[in-house]
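Student: Could you take me through the cysteine pairs of this model, please? I would also like to hear about the backbone around them.

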Amino acid sequence: MGSLFSLSLLLFLAAAYPGVGSALERGTERARGSKGSSPPPSGTSVPFWVRLSPEFVAVPPGGSVWLNCSNSCPQPQSSSLRTRLQQGKTLRGPGWVLYQLLDVRAWSSQAHCFVTCSGKTRWATARITTYKPPHSVILEPPVLEGRKYTLRCHVTHVFPVGYLVVTLRCGGRIIYSESLERFTGLDLANVTLTYEFPAGLRDLWQPVICHARLNLDGLVVRSSSAPITLMIAWSPAPTALASCSIAALVGILLTVGAAYLYKYLAMKSPE
């Protein structure tokens, strides 16, 4: 009779309060599971991470670089590196593998490290960039044309040109700057920047410098020209005018002198 009363009470509570019924069902399932549960199979995937460092690296053309592929898998099944670049030596240790890349000449490449752990594969990516700093940065002497100075800067044997920024400074002040991101060539290049500078009085006798800067996604390579002082340039027109005036004056003096000489000789001649 007691058991029947308890069962009736539980059914009544379940009908009156659905939440209580759900809790009872979960409790029943939990109890059943505790009796017949088994440990997870050995093939279950284990959470782990994969890192490839450095994530970004820039090297001169023809250089080499080491990439470190590390992971947190207790027992990795495999680890490999996939890239179009030439691979060299491989060094392994607990939780890491070092991969060597040789003769890097492609401007921008990627390398992917794949690690398999308990049947699951994860990967990480690194980017390799090749660059060549300018061989030289040369600023020609300024030329005055009218009221403007023509400034011409030469940047030689630089790569990649698309990441180059050329800046002109006068007395520490930026007077012109240009980014060459529109150029996508894959070869060493020579760049010439020409700018007409309307210099004012404050710019005279100030040093002018040409700066070349490669912005390689975190790596900045800088080169600069020798400074050139912005001086007052005299126009050749006044000089030519002065030369003509002197020549005319000399001609007049010679004429006057010849006239006096003729008169003097006439007076000395016998009558």
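Tutor: Happy to! Counting as a disulfide any pair of cysteine sulfur atoms within 2.5 Å, we arrive at three disulfides. This is a predicted model, where local features need pLDDT of at least 70 and side-chain atom pairs count only at pLDDT 80 or more, while totals for chains, interfaces and linings use all residues. Residues are numbered from 1 along each chain as its sequence is written, and side-chain values use heavy atoms, with hydrogens and water left out.

Let us start with C69 and C113, which are joined by a disulfide with an S to S distance of 1.7 Å. This pair links distant parts of the chain, since C69 sits in strand β3 (residues 63-71) and C113 in strand β7 (residues 108-117), 44 residues apart. Strands here are DSSP runs of E with at least two residues, helices are runs of H or I with at least four, and both are numbered from the N terminus. The torsion about the S-S bond of C69 and C113 is about -80°, so this disulfide is left-handed. For accessibility, buried means under 20% relative accessible area, exposed means over 50%, and partly exposed lies in between (1.4 Å probe, protein chains only). C69 has 0% relative accessibility and therefore counts as buried; C113, also at 0%, is buried too.

Next come C73 and C117, whose sulfur atoms are 2.0 Å apart in a disulfide. C73 lies in the loop between β3 and β4 (78-83) and C117 in strand β7, so this bond ties together parts that are 44 residues apart in sequence. About its S-S bond the torsion is about 75°, so the disulfide of C73 and C117 is right-handed. C73 is buried, with a relative accessible area of 6%, and C117 is buried as well, with 2%.

Just beyond that cysteine in the numbering you can look at S118, found in the loop between β7 and β8 (120-130). S118 has a positive phi of about 55° although it is not a glycine. Its relative accessibility is 26%, so S118 counts as partly exposed.

The remaining pair is C153 and C210, a disulfide with 2.0 Å from S to S. Here C153 belongs to strand β11 (residues 148-158) and C210 to strand β15 (residues 207-216), so the bond connects parts that are 57 residues apart in sequence. The link of C153 and C210 is left-handed, with -85° about the S-S bond. Both C153 and C210 are buried. With bonded cysteines counted along the chain, the disulfides follow the pattern 1-3, 2-4, 5-6.

Now for the backbone. A cis peptide bond joins F159 and P160, with omega about -5°, and P160 lies in the loop between β11 and β12 (164-170). The peptide bond from S53 to P54 is cis too, its omega near -5°; P54 is in the loop between β1 (50-53) and β2 (56-59).

Finally, have a look at W205, in the loop between β14 (189-197) and β15. W205 is a residue other than glycine with a positive phi, near 65°. With a relative accessibility of 52%, W205 counts as exposed. To round off the accessibility values, C170 is buried, with a relative accessible area of 3%.
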